[in-house]
Amino acid sequence: MTFDLMIPGQLIGALLPDVVLMGGAMLLMLLAAWRRESDAWQRVVAVGALAVLAAAAAAVLWMMRLDADASIGVIAVDRFRWATDLLCIVGAGFAIALMSEQNPRARLVAGEAHVLVLLATAGMMIMAAARDLMILFLGIELMSIAVYVLVAMDRRRERSAEAGLKYFLLGAFSTAFLLYGVALIYGATGTTNLTEIGARIILYKLADHPMLLFGVAFLLIGFGFKVAAAPFHMWSPDVYEGAPTPVTAFMAAAVKAAAFAAFLRIWIEAFPMVVLRWFGPIWWIAALTMVVGNIVALSQKNVKRMLAYSSIAHSGYLLVAIASTTSMGSSAFLFYLLAYTLATFGAFAVVSVVSDGAERGTQLSDYEGLWQSRPWLAVGMTVFLLALLGFPVFGGMGFFAKWYLLQAAIASPAPLVTLSVILVLTSVVSAGYYLHLVRVMFMKERDGAAAAVPASGPLTRLVLITTAVLILVMGVAPERVATWSRLSAIGPAPSAISSLGADTPELMPPAVDPAARR
Amino acid sequence: MERTYLPVLLLVGFVIANAVLILGLSHFLTRARPSPVKQQPYESGIPPLGDARERFSVKFYMVAMLFIVFDIETVFMLPWGVYFRQLSCTVPLVNNVCAASNISFFGLGEMIVFMLILLVGYVYVWKKGALQWD
């Protein structure tokens, strides 16, 4: 089924999952305000939020069944969008499940937290759909404002308020870069539509126009902040540490996934012709991010900070997929995002149990002897850490995620050999901190004076079991997910460009690996 | 294409020159003779009463914030009102008229949705007791 996006009714139809989510979120907002804040009422809102997410997921699956397609317009209707939507919805579901159980432990009983997660997810889905820089901006703002509030939600704790303010200021700063980039790109090409930008760059031979290149550079900086890539990563460890643990998981997984999806779409749809110019910067950012994230993580004593640096390192791995500039790269990207989302949520679920929702026990020493006191928690954490490391079999799909990523990097028009070597070497370095935590859990005795690790509640246990089982099962049988990610991939589309009457030279000019050039 | 930005450049230059001129003239042509009365903060000619840095109840901020939110939202009705005729017509207007067969409720429907969203926010604020002074 093809939507004609010029007709208002069909545009709304193409946005059905987003409309379902936003409408549900608004109704739940009223529901949350209807009674006094209490733990019981907060749970009612959480159930409602999960139902709304399920409805949105059903709408996404229905659109996939319809094989929905659309004329060129402000939003994209393709399988890449549906895949990203599903990733964000899964992340939001995990976040709400964790929050409804962990928040009351930190004396947070506002049902609005769940509504804010829904609104942030709506923003992410708009980002995934954006085929116009203005729509992208709308999505980013919708997502960011909700997440600022979520980060600062634990307002009685100083760290949370500090993290909220920091995230807000840095977020506003990066959005300014992004907007300035959008303005410059509009100035150079006269349009904000991604497909049109790509076409006009060819038509008017703008690939070396300084205004366009400045615009692309500013956009790159803006996205660098959003996905916490080095050297724009400074904010993320502080914010991840200060935010309530379920929110940290949501930021590390879903927020990052949405920002990366928009990043990938813009780079593939609008700037394939500028590849010679942005390839070098992205190459260096990817290399730097992998090195900095993994090496700084080695010296962390706080598990939340360690996972924050690990998440920075994973941004670097994902940037390799963007640097590969092929549809194979974007399929590896989706597979990686799924594995990363599951492992991140699992790991942070363990962190939230061990720290008792109150953010006290997040030091490495709090994990000593976890194997004796809560063996299943220790086993689960080991699976998640091995998945993040990319260990075969016990790390489940984490291994295949890295495998596909490397495959795509080598198969790209300019084989990213050096970048792949850096990826593998830094992964080896990452074993230093992932396995260190495993060693602490299994081989150290727990200090007798330390407080006991509390039991995990039913919802947290559900999240833990779901993520661990999915990781392990997909590690044994990755074919279905691999097929799904291959079908959902986007690559530079020659048809969209040649249809606008431009004489299309070869679409992807052979990029040069900057390290190989020297 | 760069020529079209020339007026902007001229405007920037004019603003800077103007500021330098006005501040420079007042700096060079006036003589500073300060006196205690002159150095007092200006409060519409009335002698100042107490310190300006006073703590206000958070309720004032709440009301101010809600006012700003709803005030800015209603500003969006202005461009909508200007384009209402076009929004209610499925084809481009001819002489600002729309044939009866082409009239659509798109413009009206959009505003109803917008108002409903505002209403949800209003009901939420009311239910949360943010409009209660005591």
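Helix axes here are lines fitted to C-alpha atoms over the stretch in contact, and the angle between two of them runs from 0 to 180 degrees between their N-to-C directions. The exercises below concern a predicted model, which scores ipTM 0.81 and pTM 0.88.

**Exercise 1. Describe how helix H13 and helix H17 of chain A pack, and which residues make the contact.**

Step 1: Begin with the geometry. Helix H13 (residues 303-323) of chain A meets helix H17 (residues 397-411) of chain A at an angle of about 35°, and their axes lie 9 Å apart.

Step 2: Add the handedness, which for the crossing of H13(A) and H17(A) is left-handed.

Step 3: Name the residues. H13(A) contributes A:Tyr317, A:Val320 and A:Ala321, while H17(A) contributes A:Leu405, A:Ala408 and A:Ala409.

Step 4: Sort them by class, which gives six nonpolar residues for the contact of H13(A) with H17(A), with no polar and no charged ones.

**Exercise 2. Work out how far helix H10 of chain A is covered, and what covers it.**

Step 1: Count the buried positions. Six of the eight residues of helix H10 (residues 235-242) of chain A are buried, so that this helix is mostly covered.

Step 2: List them: the buried residues of H10(A) are A:Ser236, A:Pro237, A:Val239, A:Tyr240, A:Glu241 and A:Gly242.

Step 3: Look for the cover. Around the buried residues of H10(A) it includes helices H6 (133-151), H7 (158-189) and H11 (245-269) of chain A, together with H13 of chain A.

**Exercise 3. Explain why A:Phe345 counts as buried, and place it in chain A.**

Step 1: Locate the residue, which sits in helix H14 (residues 327-354) of chain A.

Step 2: Apply the cut-off. A residue is buried if 20 or more other C-beta atoms lie within 10 Å of its own, and A:Phe345 counts as buried because it has 28 C-beta neighbours inside 10 Å.

Step 3: Find its partners. Leaving aside residues up to four places away in sequence, A:Phe345 touches A:Gly91, A:Phe94, A:Ala249, A:Ala253, A:Val463 and A:Thr467.

**Exercise 4. Set out the overall form of chain A and of chain B, one after the other.**

Step 1: For chain A, start from its elements, which are 22 helices and two strands. Its radius of gyration is 22 Å, close to the 24 Å that the globule rule gives for 518 residues, so chain A is as compact as a globular protein of that length.

Step 2: Turn to burial and contacts in chain A, where 59% of the 518 residues count as buried. Of the contacts in chain A with a separation of 6 or more, 79% join residues 24 or more positions apart.

Step 3: For chain B, the elements are five helices and zero strands. Its radius of gyration is 27 Å, well over the 14 Å that the globule rule gives for 134 residues, so chain B is more spread out than a compact globule.

Step 4: In chain B, 0% of the 134 residues count as buried, and residues 24 or more positions apart account for 20% of the contacts with a separation of 6 or more.

Step 5: Consider the confidence in chain B, whose pLDDT averages 87, with 99% of the residues scoring at least 70.

**Exercise 5. Describe where the two chains meet.**

Step 1: Count both sides: seven residues of chain B are in contact with six residues of chain A.

Step 2: Classify the side of chain B that touches chain A, which has five nonpolar, no polar and two charged residues.

Notes. Residues are numbered from 1 along each chain as its sequence is written. Chains are lettered from A and ligands numbered from 1 in the order in which they are written. This is a predicted model: local features need pLDDT of at least 70, side-chain atom pairs count only at pLDDT 80 or more; totals for chains, interfaces and linings use all residues. Ala, Val, Leu, Ile, Met, Phe, Trp, Tyr, Cys and Pro count as nonpolar, Asp, Glu, Lys and Arg as charged, and the others, Gly among them, as polar. Helices (H or I, at least four residues) and strands (E, at least two) are DSSP runs, numbered from the N terminus. A residue is buried if 20 or more other C-beta atoms lie within 10 Å of its own, exposed if 12 or fewer, and partly exposed in between; C-beta atoms are placed from the backbone. The radius of gyration is taken over C-alpha atoms; the globule rule is 2.2 Å times the number of residues to the power 0.38. pLDDT is the predictor's confidence in each residue, from 0 to 100. A crossing is left-handed if the near helix is turned anticlockwise from the far one by less than a right angle, and right-handed if clockwise.
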